[in-house]
Amino acid sequence: MPVQDGSDEGIDTTLFVTVSGPPGCGATTLCERLADAMGCPYVSGGDIFRELAEDRDMNLNQLTAKADESDEIDRALDQRLQQIAEKWGMANKPFILESRLAGWLAGERADLRIWLDAPEDVRLDRINDRMETDAEMRVREVSEAGRYQSHYEIDIGNRTFYDLHINTARWSKTGVFTLVRAAIEEYDPELDEGSFTTPSMDV
């Protein structure tokens, strides 16, 4: 008889969770399952970025190039995400915000900040059916890191403030979900020492 891990049961929580990570890290898969289990909506920075591209009649590469030329695109995206974080941070209802800077943008409003990652070859294999090529993914990652540093003095490589850091190559999709589920269910706000310092992000 298979072991029942309870992974398909609902999660009774009011936590505001952020999920971040590079392309191919498994963030979308996790967020979709979490949102279903938590019975809550989630917003993806990638979807908003694609909406900005469509609004400007551009593809993702063209919008990325424009973002490299000016901070207009990044600030428009981040302002939208920050407004969403502010709204849900005061709602006392479960919510999931997913983007590369979600943890930074949400700051102390977030209850649980998660970073997902995996070796580059694993991530490249995961995105092989997407419109973005391997080279384009690498260019986008380097470009984004440079813009975050330039615009906000954020080192995207600094993971010290994340509450949970998971290498998704080491677990199945269900395994990753089970780890995050346990973190949510065992969350104790009384243990929060308030050590997170929100960076100055004038968006």
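Start by selecting strand S3, residues 95–98, in this predicted model. Phe-95 and Leu-97 point one way from the strand, while Ile-96 and Glu-98 point the other way. Which of these four are buried? All of them, Glu-98 included. For the background to that pattern: side chains in a regular strand alternate between the two faces of the sheet.

**The neighbours of S3**

Keep S3 on screen and add S1, residues 16–20. S1 and S3 run parallel and pair over 4 bridges. To see one of them, pick Val-17, whose bridge partner in S3 is Ile-96.

Now add S2, residues 42–44. S2 pairs with S3 over 3 bridges, again in the parallel sense. Ser-44 is a handy residue to click here, since it stands opposite Glu-98 in S3.

Go back to Val-17 and look towards S4, residues 112–117. Val-17 stands opposite Leu-112 in S4, and S1 and S4 pair in the parallel sense over 4 bridges.

**The whole sheet**

Show every strand at once. What order do the 5 strands take in the sheet? The order is S2-S3-S1-S4-S5, in an open sheet with parallel pairing. S2 and S5 (164–167) are at the edges with a single partner strand each, so one side of each has no neighbour in the sheet. Look along the sheet and you should see the twist, which averages 15 degrees from one strand to the next.

Next, bring in helix H1, residues 27–38. H1 packs on the sheet and touches S1, S2, S3 and S4, with its direction at about 170 degrees to that of S3. Then show H2, residues 45–55: this helix also packs on the sheet, touching S2 and S3, and its direction makes about 50 degrees with that of S2.

Zoom out for a moment to the full cartoon. The chain has 8 helices and 5 strands, and from the N terminus on the elements run β-α-β-α-α-α-β-α-β-α-α-β-α. Of the 203 residues, 44% count as buried. Among contacts between residues at least 6 apart in sequence, 78% join residues at least 24 apart.

**A buried arginine in S4**

Select Arg-113, which lies in S4. Where do you look for the nearest side chain of opposite charge? Go to Asp-163, 4.1 Å away. A salt bridge requires a nitrogen–oxygen pair within 4 Å, and Arg-113 is buried yet has no salt bridge. Measure to the backbone instead: the Arg-113 side chain reaches the backbone oxygen of Gly-107 at 3.0 Å, and that of Phe-161 at 3.5 Å.

**Salt bridges to click through**

The total for the model is 6 salt bridges. Here are some stops:

- Select Arg-50 and Asp-47, whose side chains meet at 3.2 Å, N to O. Both lie in H2, 3 residues apart, about one turn of the helix. Arg-50 is partly exposed at 39% relative accessibility, and Asp-47 is partly exposed at 37%.
- Select Arg-56 and Glu-72, with their closest N and O atoms 3.6 Å apart. This pair links distant parts of the chain, from the loop between H2 and H3 to helix H4, 16 residues apart. Both are partly exposed: Arg-56 has 29% relative accessibility and Glu-72 has 42%.
- Select Arg-159 and Asp-117, which meet at 3.7 Å, N to O. Arg-159 sits in the loop between H7 (134–152) and S5, while Asp-117 is in S4, 42 residues apart. Arg-159 is partly exposed at 24% relative accessibility, whereas Asp-117 counts as buried at 19%.

Leave that last pair displayed and add Arg-123. Asp-117, Arg-123 and Arg-159 are linked in a network of salt bridges.

**Two loop residues with positive phi**

Finish with the backbone torsions. Which way does phi go at Asp-57, positive or negative? The value is positive, near 55 degrees, in a residue other than glycine. Asp-57 is in the loop between H2 and H3 (60–69), and is exposed with a relative accessible area of 71%.

Then jump to Asn-92, in the loop between H4 (72–89) and S3. Asn-92 is not a glycine either, and its phi is positive at about 55 degrees. With 58% relative accessibility, Asn-92 counts as exposed.

How values were computed:
Residues are numbered from 1 along each chain as its sequence is written. This is a predicted model: local features need pLDDT of at least 70, side-chain atom pairs count only at pLDDT 80 or more; totals for chains, interfaces and linings use all residues. Side-chain values use heavy atoms; hydrogens and water are left out. Buried means under 20% relative accessible area, exposed over 50%, partly exposed in between (1.4 Å probe, protein chains only). Lys and Arg count as positive and Asp and Glu as negative; His and the chain ends are not counted. A polar contact is a pair of N or O atoms within 3.5 Å; within protein, one must be able to donate a hydrogen and the other to accept it, and residues adjacent in sequence count only if both atoms are side-chain atoms. Two strands pair if DSSP finds at least two bridges between them. Axes are lines fitted to C-alpha atoms, for helices over the stretch in contact, and angles run from 0 to 180 degrees between N-to-C directions. Contact means heavy atoms within 4.5 Å.
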